[in-house]
Amino acid sequence: MIQFFRKPLFSDFRFIFGIYAAATLFASIKAVFLFGSNNYSIFYFSLHHLIEGKSLYDVYPVEYSDHFHYAPTFAALFAPVFALPYAVGLFIWQFLFAAVWVVAVYRMPWTHGQKVFAYWFGLQELFTSVVGSQTNPLIAAISLFTFLCFEKRQPIWAAFFILLGFNIKIYSLVAAALFLLYPQKLRFLVYMVGWGVVLALLPLLFTSPEKLWWQYEMWVKQLFIKSDGDKWANTSIHRLVHLLISPNIATPAIIGTGVMLFCTVYIHVRRFGERTFRMLMVASVLIFQVIFNPVAESPTYITAVTGVICWWFVSPQTWLDRVLLLSCFVLTVLSPSDIFPGFLREQLVKPYVLKALPCVLIWFRILYLMHVPSNVPKPAPELQATVLS
C-alpha cells in the first residue's frame, strides 16, 4: 500500500489539484442541488439586508437559521459574489475558498515534497470546511499570506491581510503578532490604521453613514452574545479545561493564560532572525486562534491543521512529534469523516473533545521548541532562501 502511494502520480500537482477540484465540485453539487447551505444563505442575504437598511444581526427564519456574526464590511467585501444568482454565487463561493487555501500552501517556501504532504494531509479537513460553505480556508490562508508579505518586507500587504481577516472572523487578528518579528514596525502600524479605516468605510458603497454606524453597534452587541455561548458546545481548549479541571474556570481566564503563554516566546529577540523560529510562530498563530476560540467548531480546524503542517516541517520529527502528528491526522482530520467509525466518534471523540486535543498538545510542543532552540533542526534549503515573489 505504501509503495502504491509513492507512485509519481500522487506527487503530481496537476493530479492533486484535480482531486481538490473534484472534492469541491462534489461539495458544491450537494449544497446547490441536495441540501442547500444555511451558512451561505447567511452570507448571501447580508448584502440585501445592508442595502435595504435592515439589521444584519436580526433573526430571519424565512431566509436562514442562526445569526450573521461578521462585520458589516463582510457583506460589502463579497458583494460581487452575493450579487449573483444564489446557485451561481454558491458554486463560486465553494471554489473560491478552496482555491485560496491551495494557492497559499503553494506559495509557501517549502520543498515540492513538503507541499505534496501538506495537500494530502489537509485534504479531508479542507473538505470538512467546504461542505459547510465555511470561510475558514480563507482564514487559514490569511496567516500564510501575512507571513509571506512580512518575509518579503511588504508591511502594507501584511496589514491588509490581517484587517481582511479581522472583518471576516475577528480572531484572525492574532496574525498581527507576527509583526514584532520584523523591521518596519511603525510603518506596519500606520498601514493597519489606514486599511482599518478603508475597510470599515467600505459598506458606505451600499448604505448611509447613519445606518452603517448603527450596524456596527449591532455587531458589537452580537459579538458579546456569540462569545457568551454554552461552555459545552465548543471544540476547543475551553471545553477540555472544563472537562478535565473544573467547569467553573471562566473563559477570560483561559484566554488570558493562553495569551500570556503565547507571548513568552518574545523574550527570544535574538532568534527573530531565524526562519525556523518565525515558521514556528506562524504555526502557533494558526493553532492558537482555533484552540483558544471559545466558540470553535469542527470546520474551523482547517486553520489549526494548517498550523500543524507548518510545525511539522520544522519540528525535530522525534517519536513524540510523529505520535502527535499521527494523532492529529486520526482524531482531528479523520474523526468527522465517514472513514472514522461512527460509534467511536459519538462515544469518545465528541464527548471528550478529542478532535481538539492533538492540536492543543502540538501547540504546547511548539512553545517548547521556541524556548529550547537546540531541539529545532535546521530548516530545509527552501526555508533558508528568500521567499520567491
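**Surface patch, helix crossings and salt bridges**

Let me start at the surface: Leu 25, Ile 29, Phe 33, Leu 34, Phe 35 and Phe 95 make a nonpolar patch of about 640 Å². Before I go on, please keep in mind that this is a predicted model.

Which helix gives the most to that patch? Helix 2, residues 13-35, with 5 residues. One of the patch members is Ile 29, which lies in helix 2. Ile 29 has a relative accessibility of 36%, so it counts as partly exposed.

Next, the helix packing. Two packed helices are described by the angle between their axes and the distance between the axes. I have two pairs to show, and helix 6 is in both.

In one pair, helix 6, residues 86-107, meets helix 7, residues 112-131; their axes come within 11 Å and cross at roughly 155°. That angle makes helix 6 roughly antiparallel to helix 7, since the cut-off for that label is over 145 degrees. The crossing of helix 6 past helix 7 is right-handed.

In the other pair, helix 3, residues 38-52, comes within 11 Å of helix 6, axis to axis, and the crossing angle is roughly 115°. Helix 3 is therefore roughly perpendicular to helix 6. Here too the crossing is right-handed, with helix 3 passing helix 6.

Now the charged side chains. Side chains of opposite charge can pair when their charged atoms come close. How many salt bridges does the structure hold? There are 9. I will go through some of them.

Glu 151 pairs with Arg 275, with the closest N and O atoms 2.6 Å apart. Glu 151 sits in helix 8, residues 136-151, and Arg 275 in helix 14, residues 275-291, so this salt bridge ties together parts that are 124 residues apart in sequence. Are these two residues buried or exposed? Both Glu 151 and Arg 275 are buried.

Glu 151 also forms a salt bridge with Arg 278, and the closest N and O atoms are again 2.6 Å apart. This pair links helix 14, which holds Arg 278, to helix 8, which holds Glu 151, across 127 residues. Arg 278 is buried, as is Glu 151.

Moving along the chain, Arg 365 and Asp 321 meet in a salt bridge at 2.8 Å, N to O. Arg 365 is in helix 18, residues 357-371, and Asp 321 is in helix 16, residues 319-334, 44 residues apart. Arg 365 has a relative accessible area of 10%, so it is buried; Asp 321 is buried at 0%.

To finish, back to the earlier pairs: through shared partners, salt bridges join Glu 151, Arg 275 and Arg 278 into one network.

Note on methods
Residues numbered from 1 in each chain as written. Predicted model: local features only at pLDDT ≥ 70, side-chain atom pairs only at ≥ 80, totals over all residues. Heavy atoms only, no water. Patch = residues over 30% accessible without salt bridge, like charges linked within 9 Å, V, L, I, M, F, W, Y side chains within 5 Å. Areas by Shrake-Rupley, 256 points an atom, 1.4 Å probe, with all protein chains shown as cover. Salt bridge = Lys/Arg side-chain N within 4 Å of Asp/Glu carboxyl O. Helix = DSSP H or I, 4+ residues; strand = E, 2+ residues; numbered from the N terminus. Buried < 20%, exposed > 50% of the residue type's maximum accessible area, 1.4 Å probe, protein only. Axes fitted to C-alpha atoms, helices over the stretch in contact; angles between N-to-C directions. Parallel < 35°, antiparallel > 145°, perpendicular 65-115°, else oblique. Left-handed = near helix turned anticlockwise from the far one by under 90°.
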